[in-house]
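Hi,

Here's the structure I promised to hand over. Could you have a look before we talk?

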Amino acid sequence: MNSCFYFKILKFYIINILFFIGIISCRPYPDSHVSDKDKYSQAGDRQTFTIDTLIINMRYVPCPTTTPSHEDDAGMSTVMNSYWIAETEVTYDLWISVYVWAQASGGYYINPGIPGSSGLGAGNEPVTNMNWYDALVWCNALTEWYNYKTGSNLKTVYNDGAVPVRDSSYTTTLDLAAATVNANGFRLPASMEWELAARWQGISPVNSNNVMVNGLYFTKGNSASGATDNCLNITATNLVSWNLNNSGSTTHSVGLLQPNAIGLYDMSGNVSEWCFVMNGSVLRGGSYSNSGNILSIGASNNIGSGNAANHVGFRIARSAD
């Protein structure tokens, strides 16, 4: 009787442990046993990071996914690995919190940035006036700050060998370090990751302003992210982006206008966003000072990796674990 009783107890615990592991292993990342339909329906799932009073919300983009590219949708590009991308551009409140910690911890050099386009903006306006190298190093600092505050063990993305790059003046080192983005810490989105997230509509169209590839719908490349028509339609564009026609020639607090289909705000307008490409930097999305096709999700431009401007900011991404 006793041996039978103990066997039943052991069996009960083993079944429950396996069940628990099964639940954990399939959320929130789709695995090979999840159908494409179920995998793609998870686009836009939210992941939240809390540091003191600051909250970073990120949205999930399932891959591999092939998306149209360019303003005329004539190109095709496949993003191979799933990732998370921030709902909003990096605010000055978040930027300066990381910056102050990084300066106090020693070893970090990053240009200080300014709040909004004027330097007098609110804390929830985008940080501006940092160059691409500053953004890379700040992402490393955010990863290390998050680990310090929460006891986590996220891995920095931009490294010189095994050492995180902590000085944005080390431009040659960062040009080489930025070629590897497979760690799970915070980083800039790759240019095509940005475009895929900006275009995503999913297995069902959100509106008629779309093109379909492999059974998935994407916003047309001549449009602002989330817009119902192309960028020449000022009314449609103003609903989703701060631009020359509605901004008053200044940045605004993030997240005030309509989001796109997976919950991302200000992908077009407010500030142009630094992204990563294999040979350096690129800007996506246009800013408060732009109008027309510069705001389109198929367009890109650059001011040079070492230059900063009050219409340029960025948002962060993470590779899916």
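Below is what I found in it, starting with the cores.

A quick note on conventions: this is a predicted model, where local features need pLDDT of at least 70 and side-chain atom pairs count only at pLDDT 80 or more, while totals for chains, interfaces and linings use all residues. Residues are numbered from 1 along each chain as its sequence is written, and side-chain values use heavy atoms, leaving out hydrogens and water.

The largest nonpolar core (buried Ala, Val, Leu, Ile, Met, Phe, Trp, Tyr and Cys joined through side-chain atoms within 4.5 Å; buried is under 20% relative accessible area, exposed over 50%, partly exposed in between, with a 1.4 Å probe and protein chains only) has 47 residues, and Trp95 and Trp138 are among those touching the most other members. Helix H4 (132-150) is one of the elements giving two or more residues; H4 gives the most, eleven. Helices (H or I, at least four residues) and strands (E, at least two) are DSSP runs numbered from the N terminus. Another core, of 21 residues, lies apart and includes Ile85 and Val282.

There are eleven aromatic pairs (ring centres within 6.5 Å, using the six-membered ring for Trp; planes under 30 degrees apart are stacked, over 60 edge-to-face, the rest tilted). Phe49 and Tyr146 sit 5.3 Å apart with planes at 80°, so they're edge-to-face. They link strand S1 to H4 across 97 residues, and both are buried. Trp101 and Tyr148 make a tilted pair, at 5.9 Å and 40°. Trp101 is buried at 18%, whereas Tyr148 is exposed at 59%.

Cheers
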